[in-house]
Amino acid sequence: MIKFFRKIRHKLISGNLSGRQADKLSRYLFYAIGEIVLVVIGILIAVSINDWNNDRKQKAEIHQLLMAFEKDLITNIEDATQVLNVSRRKDSLIMMVLNNQVTKEDYENKRLASIILSYNRITTTQENLIKLLNREEQMSSELQPLLKSLKRYQSLIDLYSHQQERLSNYVATQTAFFTENMEWFSTYMQSGDERAVAYFLNDPIYKNKVSHYQVMLTRNYAPSIAEYRNRAISLLYALQPYLGVHGNHESALKSIGLGSLRNQGCFDEIILDADSIAYFAPVIINASNDTLEIHLNYFIQYNRGETIMTLPPNQQLDGDFFAPHYFEIKKDGECLSKFKGGQDYLILNQNLVE
């Protein structure tokens, strides 16, 4: 073929082509160009098909990762909720110690023996989250809002991991203190010891230790888990459209014992006092088309307070507040409903504002 074109080029330069040869050449060139165009079109179509197949494959892989991540979220939410429930119960025991409401029998039966010598740990499943974040460049524009939420979720894992390490170190330090300085420690843990009971009841330094443990638990560690858990709940809700389902989060959360907070009437009285149950504030998702006002009423340190927050459509509040509380939802200053505090979740749908 190359020799043929060289021969034609030579004749064109030398001007030795006859009319018949020129006509024949033009027809051949037209045919050759057509063949080249068809080959180019074929290549472009093949490349397009290959790109389409790769794109479809990547979308299918991301979809599978999202489905696996949904299962991880449910497990992580359940584990975090258990830690928060234990933290609430432990906080009530701590308050008994600090308020001198414990008895000799409480220490004799070792009910409070390890109050500052233990904590509940969670291990977050991150494998599918990391895989999704590593696919950032392959995610379409419609997945970008979800990607932003995934990154925020990852940062909250880092936050609670840091607080968990701090609490773990404190517990280890206190365990070492009792092991190395209290000769009655092993005896007490096994069968009881009156010296230990006297120490726990009367030593002011021990109460200082309990107070510091409470701060680390209910003001640092548990709130970081509450915020992380609430972000996981909101992610579970946000995932549904990308998975082609709606409302699946409700059954998933119900399966692990969580439900939406029950609304109460605007004129229902909710009493908050020192005896009210303290909760970590739930996630609040504004699924309506209106901007809402969230009035957080709370009771803390023997005083009532109120915090007002604005919540635009499709936005959320990740609550980590720990105190007796309730929410009053308003639109344009008018009360729509009240929700008593709890550790579940709150989704404000359009039917609430209509």
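# Notebook: disulfide, strands and helices

**Entry 1. The disulfide.** I searched the model, which is a predicted one, for disulfides and found that the structure holds 1. I recorded its partners as Cys-266 and Cys-335, with the sulfur atoms 2.1 Å apart. As background, I noted that a disulfide is a covalent bond between the sulfur atoms of two cysteines. I then placed the two residues: Cys-266 is in the loop between strand S1 (263-264) and strand S2 (279-280), and Cys-335 is in strand S9 (residues 334-340), so the pair ties together parts that lie 69 residues apart in sequence. I also looked up the torsion about the S-S bond of Cys-266 and Cys-335; it is about -95°, and the disulfide is therefore left-handed. Finally I checked the cover of Cys-266, whose relative accessibility of 21% makes the residue partly exposed; the limit for buried is under 20%.

**Entry 2. The whole protein.** I next took stock of the protein, in which I counted 10 helices and 10 strands. I found 40% of its 354 residues to be buried. For the accessible surface I noted about 20,000 Å², with 51% of this belonging to carbon and sulfur atoms. I also examined the contacts between residues at least 6 apart in sequence, and 76% of these join residues at least 24 apart.

**Entry 3. Strand S4 and its partners.** I turned to strand S4, which spans residues 292-300, and found 7 of its 9 residues buried. Which strands pair with S4? I recorded strand S5 (residues 303-311), antiparallel to S4 over 9 bridges, and strand S8 (residues 325-331), also antiparallel to S4 and joined to it by 6 bridges. For individual bridges, I noted that Ile-300 has Asn-303 in S5 as its partner, and that Glu-293 has Lys-330 in S8. I inspected the hairpin of S4 and S5 as well: 2 residues lie between the strands, and Gln-301 takes a positive phi near 55°.

**Entry 4. Helix H7.** I listed the buried residues of helix H7 (residues 194-202) as Ala-196, Val-197, Tyr-199 and Phe-200. Their arc around the axis is only 160°, so they are on the same side of H7. I then asked what these buried residues of H7 pack against. I found helix H3 (104-108), helix H5 (144-181), helix H6 (185-191) and H8. At the start of H7, I noted a side-chain oxygen of Asp-193 that reaches to within 2.8 Å of the backbone nitrogen of Arg-195.

**Entry 5. Two asparagines of helix H8.** I looked up Asn-230, which lies in helix H8 (residues 204-243). Is Asn-230 buried or exposed? Its relative accessible area is 1%, so I entered Asn-230 as buried. Its side chain reaches the backbone oxygen of Ala-281 at 2.9 Å. Setting aside neighbours within four places in sequence, I found Asn-230 in contact with Ala-281, Pro-282, Val-283, Asp-318 and Gly-319.

I then looked up Asn-208, which also has its place in helix H8. Asn-208 has a relative accessible area of 49% and therefore counts as partly exposed; the limit for exposed is over 50%. I also noted that Asn-208 and Leu-98 are 110 residues apart along the chain, with 8.8 Å between their C-alpha atoms.

Terms used:
Residues are numbered from 1 along each chain as its sequence is written. This is a predicted model: local features need pLDDT of at least 70, side-chain atom pairs count only at pLDDT 80 or more; totals for chains, interfaces and linings use all residues. Side-chain values use heavy atoms; hydrogens and water are left out. Buried means under 20% relative accessible area, exposed over 50%, partly exposed in between (1.4 Å probe, protein chains only). Helices (H or I, at least four residues) and strands (E, at least two) are DSSP runs, numbered from the N terminus. Two strands pair if DSSP finds at least two bridges between them. A disulfide is a pair of cysteine sulfur atoms within 2.5 Å. A polar contact is a pair of N or O atoms within 3.5 Å; within protein, one must be able to donate a hydrogen and the other to accept it, and residues adjacent in sequence count only if both atoms are side-chain atoms. Contact means heavy atoms within 4.5 Å. The arc is that of the directions from the helix axis to the C-beta atoms. Accessible areas come from the Shrake-Rupley method with a 1.4 Å probe; for residues, only the protein chains shown count as cover.
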